[in-house]
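Trainee: Could you take me through one part of this model slowly? I would like a close look at the sheet and whatever packs against it.

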Amino acid sequence: MTSTPDYMRHALELARKAWGNTSPNPAVGAVLVKDGQIIGEGFTQPPGGAHAEVVALAQAGDRAKGSTLYVTLEPCCPPKLGHTPPCTEALIAAGISEVHFSLKDPNPQVNGAGKAALEAAGIKTYECECDEKCREVNEAYFKYITTGMPFVIAKFAMSLDGKLATWAGDSQWISGEQPRAFALRLRRLVDAVMVGVNTVIRDDPQLTCRENSKIVKAPLRVVVDSHGRTPPSARVFKQPGKTLLAIAHPLPPTVLKALHDAGAETLELPAREGNVDVGELLKALGKRQVTSVLVEGGGTLLGSFFDYRLVDKVYTFIAPLIIGGKDATAPVEGKGVETIEKALRLVNPRVYPIGEELLAIAYTKDLQASPK
């Protein structure tokens with residue numbers, strides 16, 4: 001007979017299949033077990049579709065009565081959430097005998113109420129121990145549902161001596177094919193991809209996943225362009241999905257019309273030290289139900305996010321190159337800190353080999369800290 005951890009591990013694998021396609025809902029995996037056999041399984045469908053538990057129940061049919069459910073997140077409960085009925089009602093109606101879940105849902109409308117509803121109906125309910133992999137799948141949802149703010153991932157590639165480009169501005173390509181492919185897959189897990197206007201002018205990126213046929217929606221492309229310098233011919237306007245230009249100053253009508261004709265949506269925000277206040281930009285994105293943002297650069301934009309302590313997670317690709325040069329571009333600029341004591345110290349660091357390069361992943365220690 002398969003052990004409980006193995007059933008939950010399988011539920012986590014199912015949740016990963018939904019990762020990137022469920023926002024603003026969490027990505028959940030569910031497994032129904034009876035007499036030591038899996039009789040139903042499922043993962044969260046795109047918004048408006050069935051939740052993981054309902055998919056598993058439909059697969060199990062009448063066999064669900066008396067079975068045990070293993071699910072990666074606490075089942076939702078009344079009141080009705082979103083477009084689907086609460087999962088607790090479906091589980092009670094199906095006659096489930098036990099429910100094991102990995103994490104309590106921090107949504108104020110759930111947060112223990114799902115467990116209470118199941119127990120009130122006579123269903124034995126257990127909150128299991130989970131590892132960080134289970135939490136990672138929904139880390140963006142957890143932040144968004146409790147703060148209304150997107151989860152912010154900073155991503156950059158650099159040489160071994162910490163350079164983003166040469167003194168002449170050449171950065172094609174610091175990363176090899178495998179890290180670049182990984183970075184494209186990372187885009188499909190987030191709601192929005194963000195760059196600064198200098199990156200658009202210099203590199204003319206597409207900011208797509210390059211595999212739009214395999215994903216439910218293309219991430220929103222956000223260009224932070226305080227003064228409206230993005231050329232209407234930029235490739236970001238020619239891709240599937242939407243492109244948002246965050247500006248800090250009114251633009252001439254002719255410039256605004258050219259950008260709108262190119263397919264851009266413009267959003268004027270308050271300025272901070274002459275540029276778009278990225279904190280206000282995150283608030284505006286949160287109101288649009290953007291739960292996660294991948295900030296890809298350049299150094300000025302990344303510097304502002306780090307200066308104002310707005311980053312939650314960092315992905316750093318390190319290539320075995322030495323570029324040198326005191327005028328070579330660094331991946332993170334901004335004001336920086338005066339002393340090492342004031343530096344932003346990251347936690348839970350992990351390092352993985354990707355081809356001939358390294359990928360370092362870490363989290364910020366204080367997600368809500370304000371700049372000093």
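Mentor: Happy to! Keep in mind that this is a predicted model. Start with the sheet: it is open, has nine strands with mixed pairing, and its strands come in the order 10-9-8-7-13-6-14-16-15. At the two edges you find strand 10 (264-268) and strand 15 (346-354), each of which pairs on one side only. As you step from one strand to the next, the twist averages 20°.

Now zoom in on one pair. Strand 7, residues 192-196, runs parallel to strand 8, residues 220-224, and five bridges join them. To find your place there, look for Ala192, which has Leu220 of strand 8 opposite.

Next, see what packs on the sheet. Helix 7 (residues 177-187) does so, and the strands touched by helix 7 are strand 6 (151-159), strand 7, strand 13 (292-295), strand 14 (313-319), strand 15 and strand 16 (357-364). Compare directions and you will see that helix 7 makes about 165° with strand 14. Another helix to look for is helix 9, residues 253-262. Helix 9 lies across strand 9 (243-247) and the edge strand 10, and its angle to strand 10 is about 135°.

So what should you trace on your screen? Follow the strand order from 10 to 15, pause at the parallel pair formed by strands 7 and 8, and then add helix 7 and helix 9 to your picture.

Conventions: Residues are numbered from 1 along each chain as its sequence is written. This is a predicted model: local features need pLDDT of at least 70, side-chain atom pairs count only at pLDDT 80 or more; totals for chains, interfaces and linings use all residues. Side-chain values use heavy atoms; hydrogens and water are left out. Two strands pair if DSSP finds at least two bridges between them. Helices (H or I, at least four residues) and strands (E, at least two) are DSSP runs, numbered from the N terminus. Axes are lines fitted to C-alpha atoms, for helices over the stretch in contact, and angles run from 0 to 180 degrees between N-to-C directions. Contact means heavy atoms within 4.5 Å.
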